[in-house]
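Here is a walk through the structure, a few stops at a time. Keep the sequence at hand as you go.

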Amino acid sequence: MWHGQRYPRWRSAGWLLIAAVLLTVVVLVSAAWRPGSAAPEPGGPTDGGSRWSSLDGTGATVAVRVDEIVDTGHLMLVNRDHAVADEPVGPVVEAWPTVPVAGSVWLEESALEAVGELFAAAREEGVGALHVTSGYRDRTEQARIYAASDTAFAQPPGHSEHQTGLAVDILPVGVSQSQMAASREGRWLADNAWKHGLVLRYPDGKQDVTGIAYEPWHFRYVGQPHAWFCQDSGLSYEEYIRFLKDSGGYRTTVGGTTYSVLYQVPRDGIIFVPEGREYLVSGDNTGGYVVTVREP
Ligand SMILES: [Zn+2]
């Protein structure tokens, strides 16, 4: 939940306001992101950095104990080096009927909301039918899948993002995993998933960083502005967490909303959060915490 003003979710501000905000997001986003526009440059902003800036003047903060915060877990890094700390990170809910599924699929509720918005956008834009083929997996199921998989495409049990409830495999109906990258739907997802807070978690050419081969079907919910940043910079999620550690954070505006992102490693069990502004906190599963502030 967003702290500071007892602001549980974006949508609590009222549907009309949310609709207006979403419309603004869509308008701004479509103005900024045209299909076929130049791909983001790896490792940096596309326009020399003018769209994000340093954290000067981020306002007053207060100290809180990390054992007293609500940790959403949304930004947890899970890979071969970092095991799943909590499984799942939040309540998981059945994906059907919010989105079409193959089999029984459950997702963490924020992730499902994001996937629902993504699928609605796909329908509006006339993209072919999509379905979710995998979501939350418990350790037993991950062990079974790992045993039956090419290890280039699967993590051992305890190390799969699917165990958090935040990872989702999406395929166009009637299209196989090997056909997906070249399919119209696959390209649309790669260009548009970020707008709904989802990152393509195992990009092409990043296997040496992520440990997993290119998986055009596997998306991970992280929310904004993190999804935007990864898309714009071309960073894999591992590289994004590294960037946050090295930089301490950044400030940016996505779809008309300004965010400050602050990366902190607790000292004596304490981190600092903004005073009088809305924020979310997530541990990154490597010892740090990411505070995402929505600026008024
Ligand atoms: Zn997956």
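H131 has L171 in β6 as its bridge partner. That link belongs to an antiparallel pairing between β5 and β6 (residues 167-172), which runs over 4 bridges. Some ground rules help here: two strands count as paired if DSSP finds at least two bridges between them, and strands (E, at least two residues) and helices (H or I, at least four) are DSSP runs, numbered from the N terminus. Keep in mind that this is a predicted model, where local features need pLDDT of at least 70 and side-chain atom pairs count only at pLDDT 80 or more, while totals for chains, interfaces and linings use all residues. Residues are numbered from 1 along each chain as its sequence is written.

Now zoom out a little. The open sheet here has 4 strands in the order β5-β6-β8-β7, with antiparallel pairing. β5 (130-134) and β7 (198-200) each have a single partner strand, so they stand at the edges with one side lacking a neighbour in the sheet. On average, neighbouring strands of this sheet are turned by 40° against each other, direction ignored; the axes behind that angle are lines fitted to C-alpha atoms, for helices over the stretch in contact, and angles run from 0 to 180 degrees between N-to-C directions.

Another antiparallel pair is β2 with β11, joined over 5 bridges. Here R65 has I270 in β11 as its bridge partner. Strand β2 (residues 61-65) lies largely in the open, because 0 of its 5 residues are buried. "Buried" means 20 or more other C-beta atoms within 10 Å of a residue's own, "exposed" means 12 or fewer, and "partly exposed" is in between, with C-beta atoms placed from the backbone.

Next, the backbone oddities. Most residues other than glycine have a negative phi, and most peptide bonds are trans. D268, though not a glycine, has a positive phi near 50°. You'll find D268 in the loop between β10 (257-264) and β11 (270-274), and it counts as exposed because it has 7 C-beta neighbours inside 10 Å. N285 isn't a glycine either, and its phi is positive at about 70°. This residue sits in the loop between β12 (278-283) and β13 (289-294). Is N285 buried or exposed? It is buried, with 21 other C-beta atoms within 10 Å.

Finally, look for cis peptide bonds. One joins W96 and P97, with omega about 10°, and P97 lies in the loop between β3 (92-94) and β4 (106-108). Another joins Q224 and P225, where omega is about 0°; P225 is in the loop between β8 (218-221) and α7 (226-233).
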